[in-house]
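These are my notebook entries on one model, written while I looked up strands, single residues and enclosed spaces.

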Amino acid sequence: MHAVMSRRLKCAVAALSLSVLAGCSWFTPKDPRFEPAPLTEYPAGVSASMAWSVNIGSGGGSGFVPVVVGDSVYAATPNGNVVKASLSGGGMQWRADAGVDLSAGVGSDGITTAVAGPDGTVVAFDDQGQEKWRAQASSEVFVPPVVGAGVVVVRSSDYRIQAFDAATGDRLWSVQRPGPALALKTNMQMLIIEGVVISGLPNGRLIVISAQDGAVQWEGTVSTPRGATDLERINDVVGAPQTQGSLLCGASYQGRIVCFDIAQGGIPVWEQAFSTTTGIASDSRQVYGAAGRDTVYAFSLTDGGEQWRQDALRNRRLSGPAVVGSAVAFGDYDGYVHFLSSSDGRLLGRLQVGGGAVVSPLVSTPRGVLVQTGNGSLVLVGVN
């Protein structure tokens, strides 16, 4: 009995770290339903190549997402490295050592760059790579900080969103919402836009907070918990909230995609049943995301109607997506970046960037797609 309980606990922990129960006996690796789809040949629709690659440290993870400000890229790795590099050529502009292991990073507005550690330490650097200040969040931080409007904002594992003065590190405000018994450790990101902080929450909600004083301006429900067990009731809002015009869209695990019209007081415009562990991307026409066993979907931004689906990448453990021109890109478990047509979902091209599984969300830039690899490299993939 003890062995059975221990084994069940291991499976539950695997679910929370998004191993998706792959090691549990009822999902055996030999079951073809869960085997990664093989790579196939198809007519190339784009030409993808590595514009540059630079090693920035050691390791990676869902809490590490490069940030682009102008022609500069800011990035960090779990071993404490923080860097600024040129987007156009990959040249290193500065490299700093946070002095602690990191669990999330980076956030930057091009003036202040912030990272965070598993003990809640928040470290900020100026734009010459010199340390500005250190502060303490209320608990461990696994979501990348976000910087803007004069504040550094972190979301800690006790479900608090906390703001620190970007110049001094003084704590300015804290907002907390009740959290579920279990939550995911996966790709989650916050935004600062026009003086407000936008964040998803583990309770299936989106929240909009004034960056200046922490006043909650709006909350909206993406999904509500269902099921009899704590595992079944997990419905975190994951990935980065998407803004297109007056629309604010979010997606959840075991839940939905919902787009709200902020200009109309945040009323829901449309919703679609959907479950994602990595989040969504969008352009002016559609919302894109990988669901279930990595089937990729596109939904109309206007009414949520399904535009296409593509299952050729099923079970390849796709990363968070990025939209680049007329393509949507995903990384996978084997170090490939795949490009799909945004108009009909057909496969356009792929490139192996190496470095193990691509876990960090891809980042769209004017020069191509930024990929932070599992071994601590930063790669710009150009697309023609």
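**Entry 1: the strands at the C-terminal end**

I began with a pair of residues and found that Val 369 has Val 381 of β32 as its bridge partner. Strands here are DSSP runs of E with at least two residues, numbered from the N terminus, and I count two strands as paired if DSSP finds at least two bridges between them. The model is predicted, so I kept to its conditions: local features need pLDDT of at least 70, side-chain atom pairs count only at pLDDT 80 or more, and totals for chains, interfaces and linings use all residues. Residues are numbered from 1 along each chain as its sequence is written, and side-chain values use heavy atoms, with hydrogens and water left out.

β31 pairs with strand β32 (residues 377–383) in the antiparallel sense over four bridges. In their hairpin, which has four residues between the strands, I noted a positive phi near 90 degrees at Gly 376. On the other pairing I looked up, β30 and β31 run antiparallel and are joined by three bridges, with Thr 365 standing opposite Gly 368 in β31. The hairpin from β30 to β31 passes through two residues.

Is strand β31 enclosed by the rest of the structure or open? Five of the five residues of β31 (residues 368–372) are buried, so the strand is largely enclosed by the rest of the structure; buried means under 20% relative accessible area, exposed over 50%, and partly exposed in between, with a 1.4 Å probe and protein chains only.

**Entry 2: two open sheets**

The first sheet I looked up is open, has four strands in the order β10-β11-β12-β13, and pairs them antiparallel. Its edge strands, each pairing on one side only, are β10 (146–148) and β13. Neighbouring strands of this sheet are turned by 15 degrees against each other on average, direction ignored; for such angles, axes are lines fitted to C-alpha atoms, and the values run from 0 to 180 degrees between N-to-C directions. Within this sheet, strand β11 (residues 151–155) runs antiparallel to β12 and is joined to it by five bridges, and Val 152 has Phe 164 in β12 as its bridge partner.

I then turned to another open sheet of four strands, in the order β26-β27-β28-β29, also with antiparallel pairing. Here β26 (322–324) and β29 (347–352) are the edge strands, and the twist averages 25 degrees from one strand to the next. Five bridges join β28 (residues 336–341) to β29, where Leu 340 is partnered by Leu 347.

**Entry 3: three residues with polar side-chain contacts**

A polar contact is a pair of N or O atoms within 3.5 Å; within protein, one must be able to donate a hydrogen and the other to accept it, and residues adjacent in sequence count only if both atoms are side-chain atoms. Plain contact means heavy atoms within 4.5 Å.

Asp 170 lies in the loop between β12 (160–165) and β13 (171–176) and is partly exposed, at 47% relative accessibility. Its side chain makes a polar contact of 3.1 Å with that of Thr 168. Not counting residues up to four places away in sequence, Asp 170 touches Ala 163, Phe 164 and Asp 165.

Thr 112, in the loop between β6 (104–108) and β7 (113–116), is buried with a relative accessible area of 1%. The side chains of Thr 112 and Lys 132 are joined by a polar contact of 2.7 Å.

Ser 252 is in strand β19 (residues 247–252) and is buried at 0% relative accessibility. Which side chain does Ser 252 meet in a polar contact of 2.8 Å? The partner is Ser 223.

**Entry 4: cavity and pocket**

On a 1 Å grid over the protein atoms alone, a cavity is a set of points where a 1.4 Å probe fits but cannot get out, while a pocket is an open set with protein on both sides within 12 Å along at least five of seven lines; lining residues have an atom within 4 Å of a point. Points are joined across faces, edges and corners, and a volume is the space filled by probe spheres set on them.

I found one cavity of 30 Å³ or more. The lining of the largest cavity includes Arg 155, Met 188 and Gln 189. The second largest pocket holds about 850 Å³ of space, and β18 gives the largest share of its lining, six residues.
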